[in-house]
Amino acid sequence: MARLLAMGLPVPPGFVVVDASPGRLPKDLADRYRKLGAGPVAVRSSALGEDSAEASFAGQYETVLDVEGEPALEAAVERCLASLHSERASAYGAVRVDADSDARNAEGPRMCVVVQRMVDARSAGVLFTVDPATGRRAHAVVDAVEGLGEALVSGHASPDHYVLDRAGRCVSETLAGGSRVLTREDQIALVEAARAAAAREGHPLDLEWAIDRNERIYWLQARPITNLCVDPTELDTPVVAPSHVFTRCNIGEMFPGACTPLSFSFTARGIDVGMQRMHQRIGIRRDITDESIFVAMFHRNLFLNLTTMAATATQAFGSSADQMALSICGRPITEFDIQAPAPPSIPRRLVNGTRYLGYLLGQRRARRDMSKLRRELNALSEETAAAEEGDPALRCRSCWDVIDARFDAIYHAMDLHLISSAGSGVLSTVLLSVVAKGETPRDEHHAAVAALLAGAEGVESADIAAGADRVRDAIGAHPQGRDRFGNAEAHAAHAWLGSDESGPAGAAYAEYLERHGHRTVKELELRQPEWREDPRPLIRSLQASVRGLQARRAARAPVTEVPAPASRSVRILTRMARQAVRSREETKSGLVDVTTRFKRAYRLLGSLAAADGLLPDADAVFFLTHTELGHLVRGDRPDLGEHAAARRALHDHLDTLSFPDVFMGAAEPEAPAPADPNATRVTGAPVSRGRVEGNARIVMRLEDAEALQEGEILIARVTDVGWTPYFSLVAGLVTDVGSAVSHGAVVAREYGLPAVVNTRNATSVFRTGDRIRLDGDHGIVEKVERVERVERVERVENEDEV
């Protein structure tokens, strides 16, 4: 309070009884009280060490309000002094305060008592200069009640709850009654003063305040906010303009959930640089900038900036902002105005368009160059191993230097993959427009394009599923396959496949890992180990598939036949689009392989840094950016190891956040929309034709996919390569997000699985066990009534007839 007064903040007048003890009150206590006015006062305990950064002791010691008269004052002071050794305070201190803390000393804890004139409060409450629940440093939180604040801090009253951003805007408000306790002016005045105090103190503050009947603000106490988590937005991308429109589509399939800081500096930066290089090749950009132009991160989740992408889309003839949005999001964006600058002159657009066409036709070169890059990166493991064997005092720095010298490889790999990816997206969108004959595409148009794309052969990701089937069949054919593999623990099943006893099954598995061992779920996340490193997810999916070999498959309705396209232009576009899909999946595999080389290098760096005491453990390496790791190993920032652990503590929470598919300005997490109990159907994009009826299986995480039963319809938020081995079990696929060229759609077509994607809310409308009908021709998924069937029973003479 003395420091608040020194800052010029109004604090109720009062005095402090210093280092008192029960039964030994100051002789001039009454005189001090009379000089204060002898009216109602607040008597507050203030022990040495209370409200420290180590422990707040909030509510552990006594506070007595509305004390009036000298005898009442003496009794209130004695009560506060006695609370120093109360059972609750002693128990709290034993848990929260270290033996060497300032809150302890050789003589034991000591107590002072503050006596202040009572504020005739119109309203009162608490204020946190950062959000203590989320760690958001940009948000201040105000809780307010009418009258005295004691009812609030004691938990006997529900407050108004206001959250204000740095600009003073109220971004969230919850009222306890029918009207606000605080006006907007009150909120802003409180927050501005509190933030100024926190800036002077050098750390976030938790303050109590009151506003009297004359509208004057008083500050009653201030203390550090203890155990504050790291700011989840500390690495957020600055928003250039609040009118920019962002989307989770497309990149949310590639990178679902939260992104570790290391992957942000590696994968996300790689995507952005790859896109900048694309526009540089076309002639739209001159230089590669250090700023993130196309990829943004909010709350450690990745998004695409549709506004900056639209600005470049208008620069080339044959491209438009609407076409770009359709290609990225799988639908027109009508809820926001994606503002794009006026296009350049027609000659300039023609030149850029010609370059863009040349870019799209570079897929063969991209595949060739990707293979060359993968061969060159074979040296990375040798170079990091050499660093490990080098001077023990320099091995961490040497290992980081090796990675840093090769770091541009991710930019090159992403550049090559985007050539294939852009071609696939553009050609699929053009094919859709041609099939729709210039109209707004309808479900039947999406279904027709899905059927045309289903003929693509030699697709890399499809072989992930087909290869898993080959392994499953080999295990199923082994006499001991079901017992030694299907019904065993994952580690024992893996060991059996690696033994000579497994025979052809083990050989098929080894061949599969040789080709696809670099793949996994969320495979561009550096922290996610590849199947070759951690085969347990793959083993579990194969076990589920083996166990379902003898189960009855759901009856699938025949896929609706689509006549061969009569138009020559459609036939040509179909061939080109199929080739683009093959090329995209091949370069995606190469990109993942390049990423896997760096995964291994960073894992080694993490182990070395942990062994040298720079990190608490090897896993913490993924919670620093590449640049921060450089500072750590050079000794510039030894505190970063502890900061990495603090970031990791928040990661699981950030991984559960949900965001709108499309939004304007910086992203804010949204509460999951409550499921409509009356909803019985959803619609989406039909990406693989056919109709099927079966039981729904809602799977929010890959680990939960082990419960899948043969013939169920898989409903997930999103799927990627890691889900592929389960596709042989299911009868159909439904996802909340996705497009015709997403991984799930590609594999579903190869399997002949009816599939509907981009339903937005299928995972909340349906529940596991619901009987549903999936219509892959019209993009409809709906509940159906269960019908109990009685099968005809016949007597049979022997087991063979059964």
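**Salt bridges, strands and rings in a predicted model**

Arg527, Asp617, Asp619 and Arg648 are linked in a network of salt bridges. The model is predicted.

Visitor: In the salt bridge of arginine 527 and aspartate 619, what is the N to O distance?
Guide: The side chains of these two residues meet in a salt bridge. The cut-off for such a bridge is 4 Å. For arginine 527 and aspartate 619, the N to O distance is 2.9 Å.

Visitor: How many residues apart in sequence are arginine 527 and aspartate 619?
Guide: Arginine 527 sits in the loop between helix H20 (504-516) and helix H21 (536-547). Aspartate 619 sits in the loop between H22 and helix H23 (626-634). The pair links distant parts of the chain, and the separation is 92 residues.

Visitor: Is arginine 527 buried, partly exposed or exposed?
Guide: Buried means under 20% relative accessible area, and exposed means over 50%. Arginine 527 has 28%. Its bridge partner, aspartate 619, has 23% and is partly exposed. Arginine 527 is likewise partly exposed.

Visitor: How many salt bridges does the count come to?
Guide: The rule takes a side-chain nitrogen of Lys or Arg within 4 Å of a carboxyl oxygen of Asp or Glu. By this rule, the count comes to 55.

Visitor: Which helix holds arginine 184, the salt-bridge partner of glutamate 173?
Guide: The closest N and O atoms of glutamate 173 and arginine 184 are 3.0 Å apart. Glutamate 173 is in strand E8 (residues 170-174), eleven residues from arginine 184. Both residues are partly exposed, glutamate 173 at 30% and arginine 184 at 32%. The helix that holds arginine 184 is H6 (residues 184-201).

Visitor: Aspartate 770 forms a salt bridge with lysine 783. Is aspartate 770 buried or exposed?
Guide: The closest N and O atoms of the pair are 3.8 Å apart. Aspartate 770 lies in the loop between helix H26 (762-765) and E21, and lysine 783 lies in strand E22 (residues 780-783). Lysine 783 is partly exposed at 32% relative accessibility. Aspartate 770 has 18%, under the 20% cut-off, and counts as buried.

Visitor: Which residue in E21 stands opposite arginine 691?
Guide: Strand E17 (residues 691-699) and strand E21 (residues 771-775) run antiparallel. Five bridges join them. Opposite arginine 691 in E21 is aspartate 775.

Visitor: In E18, which residue is the bridge partner of arginine 697?
Guide: E17 also pairs with strand E18 (residues 713-716). Here the strands run parallel, with four bridges. The partner of arginine 697 is leucine 714.

Visitor: Arginine 689 lies in the loop between strand E16 (685-688) and E17. With which side chain does the side chain of arginine 689 make a polar contact?
Guide: Arginine 689 is buried, at 15% relative accessible area. Its side chain makes a polar contact at 3.1 Å. The partner is the side chain of aspartate 777.

Visitor: How many residues of strand E4 (residues 111-117) are buried?
Guide: E1 (residues 14-20) joins E4 through five antiparallel bridges, with valine 17 opposite valine 113. Strand E2 (residues 41-47) pairs with E4 over seven bridges, also antiparallel. In E4, methionine 111 is the bridge partner of alanine 47. E4 is largely enclosed by the rest of the structure, because its buried residues number five of the seven.

Visitor: The structure holds eleven aromatic pairs. What is the angle between the planes of phenylalanine 246 and phenylalanine 298?
Guide: These rings lie 5.3 Å apart, centre to centre. Over 60 degrees counts as edge-to-face, and this pair is edge-to-face. The angle is 90°.

Visitor: Which parts does that pair tie together?
Guide: Phenylalanine 246 is buried at 3%. Phenylalanine 298 is buried at 1%. The pair ties together parts that are 52 residues apart in sequence, because the rings belong to strands E11 (residues 245-247) and E12 (residues 295-298).

Visitor: Is the pair of phenylalanine 298 and phenylalanine 303 stacked, tilted or edge-to-face?
Guide: Phenylalanine 303 is buried at 0% relative accessibility. Both rings belong to a cluster of Phe246, Phe298, Phe303, Phe659 and Phe663. The ring centres of phenylalanine 298 and phenylalanine 303 are 5.6 Å apart and the planes are at 40°, so the pair is tilted.

Conventions:
Residues numbered from 1 in each chain as written. Predicted model: local features only at pLDDT ≥ 70, side-chain atom pairs only at ≥ 80, totals over all residues. Heavy atoms only, no water. Pairing = 2+ DSSP bridges. Helix = DSSP H or I, 4+ residues; strand = E, 2+ residues; numbered from the N terminus. Buried < 20%, exposed > 50% of the residue type's maximum accessible area, 1.4 Å probe, protein only. Polar contact = N/O pair within 3.5 Å; in protein donor to acceptor, adjacent residues only side chain to side chain. Phe/Tyr/Trp six-rings, centres within 6.5 Å; stacked < 30°, edge-to-face > 60°.
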